Amino acid sequence: MKNKLINQNTKQNFNQNIKKELFQEPTGKGVIFIKSRKSDDKIRNMVFNIRAHAEERDVDIVDIIVDESSGLDVDRSEVDRLWDWIENSHVGIIYLKSIFDITSDEDDLEKFFARAEYYGMILIDMEAHVAFVPDTVEENAD
């Protein structure tokens, strides 16, 4: 029950920060992050669908990170690998199966969004069909 409340509040808070009229289709390089313990075939299908979305928008996918761990603690090696892309590369777009694949902890999720925004990342939640665009991208779009 607590997770559901946290997830609804967090998603609502982030949805309020999106200015859809200023959003431009992302272009550039991207990384896919999927947290799933499903079969390889199902994961391949997820990747195929996300790649198709990216290709339609001229986004070159440079890495696919699949997190098959059972926990949602933010201190996981796959999340560290994602951070490396965010902080130390030319990548500007992160495709997530769901934003809640990063963590179910509201404070940790807010910290993730703040750091991703600091580095100018566009986050795309494929499950919710929502893009989180940092203010710096929106300001540069004019």
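This passage describes helix H3 and the sheet on which it packs in a predicted model.

The sheet is open and has 5 strands. Their order is S2-S1-S3-S4-S5, and the pairing is mixed. Strands S2 and S5 (130-132) form the edges, each pairing on one side only. Neighbouring strands are turned against each other by 20° on average, direction ignored. Strands of a sheet pair through backbone hydrogen bonds, in either a parallel or an antiparallel arrangement. S4 (residues 122-125) and S5 run antiparallel and are joined by 3 bridges. Here Asp-125 stands opposite Val-130 of S5.

Helix H3 packs on this sheet. It touches S1, S2 and S3. The direction of H3 makes about 160° with that of S2.

H3 spans residues 77-88, 12 residues in total. From its first C-alpha to its last, the helix reaches 16 Å. This is close to the 16 Å expected at 1.5 Å a residue. Four of its residues, Val-79, Leu-82, Trp-83 and Ile-86, are buried. They cover an arc of only 105° around the axis, and therefore lie on the same side of H3. The face turned away from this buried side carries Ser-77 and Asn-88, both exposed.

The cover over the buried residues of H3 comes from several elements. Among them are three strands: S1 (28-35), S2 (59-67) and S3 (93-96). Helix H4 (106-118) also contributes to this cover. The buried residues of H3 are thus covered by strands of the sheet and by a helix, while exposed Ser-77 and Asn-88 sit on the face turned away.

Notes: Residues are numbered from 1 along each chain as its sequence is written. This is a predicted model: local features need pLDDT of at least 70, side-chain atom pairs count only at pLDDT 80 or more; totals for chains, interfaces and linings use all residues. Side-chain values use heavy atoms; hydrogens and water are left out. Helices (H or I, at least four residues) and strands (E, at least two) are DSSP runs, numbered from the N terminus. The expected span of a helix is 1.5 Å times one less than its number of residues. Buried means under 20% relative accessible area, exposed over 50%, partly exposed in between (1.4 Å probe, protein chains only). The arc is that of the directions from the helix axis to the C-beta atoms. Contact means heavy atoms within 4.5 Å. Two strands pair if DSSP finds at least two bridges between them. Axes are lines fitted to C-alpha atoms, for helices over the stretch in contact, and angles run from 0 to 180 degrees between N-to-C directions.
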